[in-house]
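Subject: Structure handover

Dear colleague,

Here is the structure I said I would pass on. My notes on it follow below the entry.

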Amino acid sequence: MKHIHQAGIVCCSNALPITTREELEQLQQTLQAEGIQTRLSPHLFAVDGVRSASAKQRAQDLMSFYLD
């Protein structure tokens, strides 16, 4: 049985500025080249200053990665 390696990318505190989207895509490509699949939180990028979502939503994103 082949193991699938995955990495979940979340922002539990300050969100990423939208200007880092290209860097994040490069990170995903690098991880994929090493055989690591990535899943991104739906709340990575800032929409209100440095926040992307409520603390509860960000915690739920993290927990969903743990449960998977």
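I start with an arginine. R58 is found in helix α2. The side chain is buried but takes part in no salt bridge. The nearest side chain of opposite charge is D61, and that one is 7.3 Å away. A salt bridge needs a side-chain nitrogen of Lys or Arg within 4 Å of a carboxyl oxygen of Asp or Glu. Leaving out residues up to four places away in sequence, R58 touches C11, C12, S13, S52 and A53.

Please keep in mind that this is a predicted model.

The overall layout is as follows. The protein has two helices and two strands, and from the N terminus on these run β-α-β-α. Along its principal axes, the C-alpha trace spans about 45 × 25 × 15 Å. Of the 68 residues, 22% are buried. Taking contacts between residues at least 6 apart in sequence, 74% join residues at least 24 apart.

Next, the salt bridges. The structure holds one. D68 pairs with R39, and their closest N and O atoms are 2.4 Å apart. The pair links distant parts of the chain, with the two positions 29 residues apart: R39 belongs to strand β2 (residues 36-40), while D68 sits in the segment after α2 (55-67). D68 is exposed, at a relative accessible area of 57%. R39 has a relative accessible area of 33% and is therefore classed as partly exposed.

R39 also turns up among the contacts of I9. Not counting residues up to four places away in sequence, I9 touches L24, L27, T38, R39, L40, S41, L44 and F65. I9 is in turn part of the largest nonpolar core, which has five residues in all. The other members are C11, L24, L44 and F45. L24 and L44 thus appear both in this core and in the contact list of I9.

F45, one of the core residues, has an arginine over its ring: R21 lies over the face, at 4.4 Å from the ring centre. As for rings pairing with each other, a search of the whole structure finds zero aromatic pairs.

Strand β2 also holds Q37. Q37 is partly exposed, with a relative accessible area of 43%. Apart from its neighbours within four places in sequence, Q37 is in contact with I4, H5, Q6 and A7. The C-alpha atoms of Q37 and G8 are separated by 8.6 Å, the two residues being 29 apart along the chain.

Last, the start of the chain. K2 lies in the segment before β1 (5-9). K2 is exposed, and its relative accessible area is 78%. Between the C-alpha atoms of K2 and A33, which are 31 residues apart along the chain, the separation is 17 Å.

To look at the main points in the viewer, I suggest this order:

- R58, buried and without a salt bridge.
- D68 and R39, the salt-bridge pair.
- I9, C11, L24, L44 and F45, the largest nonpolar core.
- R21 over the face of F45.
- Q37 with its contacts I4, H5, Q6 and A7.

Regards

Technical notes. Residues are numbered from 1 along each chain as its sequence is written. This is a predicted model: local features need pLDDT of at least 70, side-chain atom pairs count only at pLDDT 80 or more; totals for chains, interfaces and linings use all residues. Side-chain values use heavy atoms; hydrogens and water are left out. A nonpolar core is a set of buried Ala, Val, Leu, Ile, Met, Phe, Trp, Tyr and Cys residues joined through side-chain atoms within 4.5 Å. Buried means under 20% relative accessible area, exposed over 50%, partly exposed in between (1.4 Å probe, protein chains only). Contact means heavy atoms within 4.5 Å. Helices (H or I, at least four residues) and strands (E, at least two) are DSSP runs, numbered from the N terminus. Rings of Phe, Tyr and Trp (its six-membered ring) pair if their centres lie within 6.5 Å; planes under 30 degrees apart count as stacked, over 60 as edge-to-face and the rest as tilted. A charge sits over a ring if NZ of Lys or CZ of Arg is within 6 Å of the ring centre and within 35 degrees of the ring normal. Lys and Arg count as positive and Asp and Glu as negative; His and the chain ends are not counted.
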